[in-house]
Amino acid sequence: MSPETSKRPKSPDTEVWRVFYTRARAEKKAEQRLEDRRIEVLVPKKTERRQWSDRKKEVTEPLFRNYLFARVGEKDRIRVLRTNGIVRCVHFDGEPAQLREDTAQRLKKIQAVPDRLSTADLRPQVGSTVTITDGPERLRGLTGEVLEHRGRTYVLLRVKAVRQAVKVEVNAKWVEETEETAQRT
């Protein structure tokens, strides 16, 4: 998940949609607990048809596993963190992640068709060729292959002359796929 805005609200009491990370499979229970505390919460859900050996059943799952959004100010952010099932507030570059108001409204709107929803990963795929376009000046323009993610993006630079490679950790927002990769897919 990438931050949509990284600026702090103007006032600690200003309510914004914040992103929270939950314990595994605790999204719906945490949502209910927050609603009981009269905190506006959003857990987009999708409907899937599951097959068991003896039956088929439609189940409702969170669209974004382990994430929920709560519209809170700083004081209520602390209350959310004290809620059973909530692990932490998501941060990017040292700032609490925020969901833009228009994005929250669109997520609410698409809940009308939960059976048609799925997620897509916007990070460059492992193996794709990328160019570093942002970040430290000395890294910009560097081209390499995406090695792995696990919460971090690495660009692999192959040094064939010595049959080794160098792995450079970069922020996922700093890279763009090269035209070569885009044409292959």
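## Glutamate 101 and its partner

Let's start with glutamate 101, which counts as partly exposed at 35% relative accessibility in this predicted model. Its side chain has company: arginine 71 forms a salt bridge with glutamate 101, and the closest N and O atoms are 3.2 Å apart. That pair links distant parts of the chain, since arginine 71 belongs to strand β5 while glutamate 101 belongs to helix α3 (residues 101-109), 30 residues apart.

Arginine 71 also meets glutamate 15 in a salt bridge, at 3.6 Å from N to O. Glutamate 15 is in the segment before β1 and arginine 71 is in strand β5, so this pair ties together parts that are 56 residues apart in sequence. How accessible are the two? Arginine 71 is partly exposed at 25% relative accessibility, and glutamate 15 is partly exposed too, with a relative accessible area of 37%.

## More salt bridges

Step back to the whole structure and you'll find 18 salt bridges. As a bit of background, side chains of opposite charge can pair when their charged atoms come close.

Another one to look up is the bridge between arginine 25 and glutamate 61, whose closest N and O atoms are 4.0 Å apart. Arginine 25 sits in the loop between β1 and α1, and glutamate 61 in strand β4 (residues 56-62), so the bridge ties together parts 36 residues apart in sequence. Are these two partners buried or exposed? Arginine 25 is exposed, at 60% relative accessibility, whereas glutamate 61 is buried, with a relative accessible area of 7%. Both also belong to a network: salt bridges with shared partners join Arg25, Lys46, Glu48, Arg50, Glu61 and Arg65.

## Rings that pair up

How many aromatic pairs does a search of the whole structure find? The search turns up two. In one, tyrosine 21 and tyrosine 67 meet edge-to-face, 5.4 Å centre to centre and with 80° between the planes. Tyrosine 21 is in strand β1 (residues 16-22) and tyrosine 67 in strand β5 (residues 67-72), so parts 46 residues apart in sequence are tied together by this pair. Tyrosine 21 itself is partly exposed, with a relative accessible area of 26%.

Phenylalanine 64 and phenylalanine 69 also pair edge-to-face, with 6.2 Å between centres and 85° between planes. Here phenylalanine 64 is partly exposed, at a relative accessible area of 24%, while phenylalanine 69 counts as buried at 2% relative accessibility.

## Charges over rings

Tyrosine 21 has an arginine to deal with as well: the charged end of arginine 88 sits over its ring, 4.8 Å from the centre. Elsewhere, the charged end of arginine 55 sits over the ring of tryptophan 52, at 5.0 Å from the ring's centre.

## Inside the fold

Now for the nonpolar side of things. The largest nonpolar core has twelve residues, among them Phe20, Leu34, Val43, Leu68, Val80 and Cys89. At least two residues come from each of α1, β5 and β6 (86-89), and β5 gives the largest share, with three.

Leucine 68, one of the residues in that core, is worth clicking on. Setting aside neighbours within four places in sequence, its contacts include Phe20, Ala30, Leu34, Val41, Val43 and Ile86. Leucine 68 also touches Arg18, Thr22, Glu27 and Glu31, among others.

There's a second, separate core of nine residues, including Leu42, Phe69, Val90 and Leu107. You've already met phenylalanine 69, the buried partner in the edge-to-face pair with phenylalanine 64.

Methods: Residues are numbered from 1 along each chain as its sequence is written. This is a predicted model: local features need pLDDT of at least 70, side-chain atom pairs count only at pLDDT 80 or more; totals for chains, interfaces and linings use all residues. Side-chain values use heavy atoms; hydrogens and water are left out. Rings of Phe, Tyr and Trp (its six-membered ring) pair if their centres lie within 6.5 Å; planes under 30 degrees apart count as stacked, over 60 as edge-to-face and the rest as tilted. Helices (H or I, at least four residues) and strands (E, at least two) are DSSP runs, numbered from the N terminus. Buried means under 20% relative accessible area, exposed over 50%, partly exposed in between (1.4 Å probe, protein chains only). A charge sits over a ring if NZ of Lys or CZ of Arg is within 6 Å of the ring centre and within 35 degrees of the ring normal. A nonpolar core is a set of buried Ala, Val, Leu, Ile, Met, Phe, Trp, Tyr and Cys residues joined through side-chain atoms within 4.5 Å. Contact means heavy atoms within 4.5 Å.
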